[in-house]
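Got the viewer open and side chains switched on? Let's take a walk through the aromatic rings.

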Amino acid sequence: MIKTYDDIAVQVLRCTESPAKLICDAASQTMHQHIEECPNMYTLVKFLLNSEHHSVFEHASITFHLRGISRSLLAQITRHRTFKFTSSSQHYQDYREYPVVIGKDQFEKYREFYGTAFACIYEVYEELLKTGVPKEEARQVLPNAAGVNLVVTADARNLINFFRQRRCQRNVNEMIQVADAMWGHAKTWFPELFSIVGAPCFMNGKCNQGHMQAESCKNAG
Ligand SMILES: Cc1cc2nc3c(=O)[nH]c(=O)nc-3n(C[C@H](O)[C@H](O)[C@H](O)COP(=O)(O)OP(=O)(O)OC[C@H]3O[C@@H](n4cnc5c(N)ncnc54)[C@H](O)[C@@H]3O)c2cc1C
């Protein structure tokens with residue numbers, strides 16, 4: 001079954017309650033013997049962000065459920081070492097039950113190539129399983145596009161780092177779509193912080209990618 005990045009589902013499983021209050025309470029502890037009520041959490045959170053007093057943001061965390069991402073995205077997102085991950089296993093699960101995930105525009109343009117390649121790969125995977133090859137060996141023929149589901153837990157500090165890197169248009173389309181969806185949830189969860197967090201151009205008004213700047217940004221001037 002062929003799916004596109006538009007079919008990826010990003011949900012929140014759990015998150016720290018009242019994250020701004022918790023972070024402001026922690027910050028208050030630095031200045032007072034007892035925790036004092038913060039009169040303006042938006043202002044304090046912005047100050048903490050700009051002054052790089054980021055360790056306080058580690059008190060708040062959020063767990064996402066990503067469904068229908070590709071193995072390519074799995075390889076990229078798991079580079080974020082400070083996140084915690086649990087993914088579907090290719091050892092125990094039958095990957096005929098997962099979709100393959102590709103970009104919609106590419107699929108529409110090259111439908112025949114993709115269709116032929118995936119049909120061939122999954123036929124071979126099925127034959128290997130039927131022959132008695134264990135799933136964890138048969139999986140070696142699966143493509144980068146093979147779908148996978150993932151549980152990801154991130155603290156707010158490292159989410160800042162993630163959104164700075166991954167909401168940048170230099171990233172691949174799948175990553176941008178997933179990061180944008182995660183950011184939407186993060187903003188609802190902790191608006192005092194995440195409404196002012198994004199790629200460097202969003203946060204500082206200036207791109208930091210030099211000659212590697214995305215073509216779409218160059219063209220936008
Ligand atoms: C546009 C783009 C292109 C990329 N291309 C490639 C590529 O071609 N090849 C490739 O291999 N990777 C590539 N990457 C991945 C990139 O190099 C990082 O591995 C990935 O983005 C995770 O970033 P991170 O280490 O900051 O995150 P995390 O691992 O979550 O770390 C968060 C922060 O914690 C701190 N930290 C974590 N671990 C350590 C440590 N051991 N020592 C000191 N401080 C630490 C750092 O401050 C770090 O920024 C690319 C990333 C992007 C955004």
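What follows is a short tour of ring pairs, a ring cluster and charges over a ring. Bear in mind that this is a predicted model.

Start with the whole set: the count comes to 13 aromatic pairs with ring centres within 6.5 Å.

Now select Phe83 and Phe162. Their ring centres are 5.3 Å apart and the planes meet at 50°, so this pair is tilted. Zoom out a little and look at where each one comes from. Phe83 belongs to the loop between α3 (71-77) and β4 (84-87), while Phe162 is in helix α7 (residues 156-166), so the pair ties together parts 79 residues apart in sequence. Buried or exposed, Phe83? Phe83 is buried, at 4% relative accessibility, and Phe162 is buried too, at 0%.

Next stop: Tyr114 and Phe118. This aromatic pair is stacked, with 6.0 Å centre to centre and 25° between the planes. Both sit in helix α5 (residues 111-131), and because they are four residues apart there, about one helical turn separates them. Colour by accessibility here: Tyr114 is partly exposed at 26%, whereas Phe118 is buried at 9%.

Back to Phe83 and Phe162, this time with company. Add Phe57, Phe85, Phe163, Trp189, Phe190 and Phe194 to the selection, and you have a cluster linked by ring pairs.

Last, pick Trp183. What sits over the ring of Trp183? The charged end of Arg167 does, 3.6 Å from the ring centre. Then select Lys187, which lies over the face of Trp183 at 4.4 Å from the ring centre.

How values were computed. Residues numbered from 1 in each chain as written. Predicted model: local features only at pLDDT ≥ 70, side-chain atom pairs only at ≥ 80, totals over all residues. Heavy atoms only, no water. Phe/Tyr/Trp six-rings, centres within 6.5 Å; stacked < 30°, edge-to-face > 60°. Helix = DSSP H or I, 4+ residues; strand = E, 2+ residues; numbered from the N terminus. Buried < 20%, exposed > 50% of the residue type's maximum accessible area, 1.4 Å probe, protein only. Lys NZ or Arg CZ within 6 Å of the ring centre and 35° of its normal.
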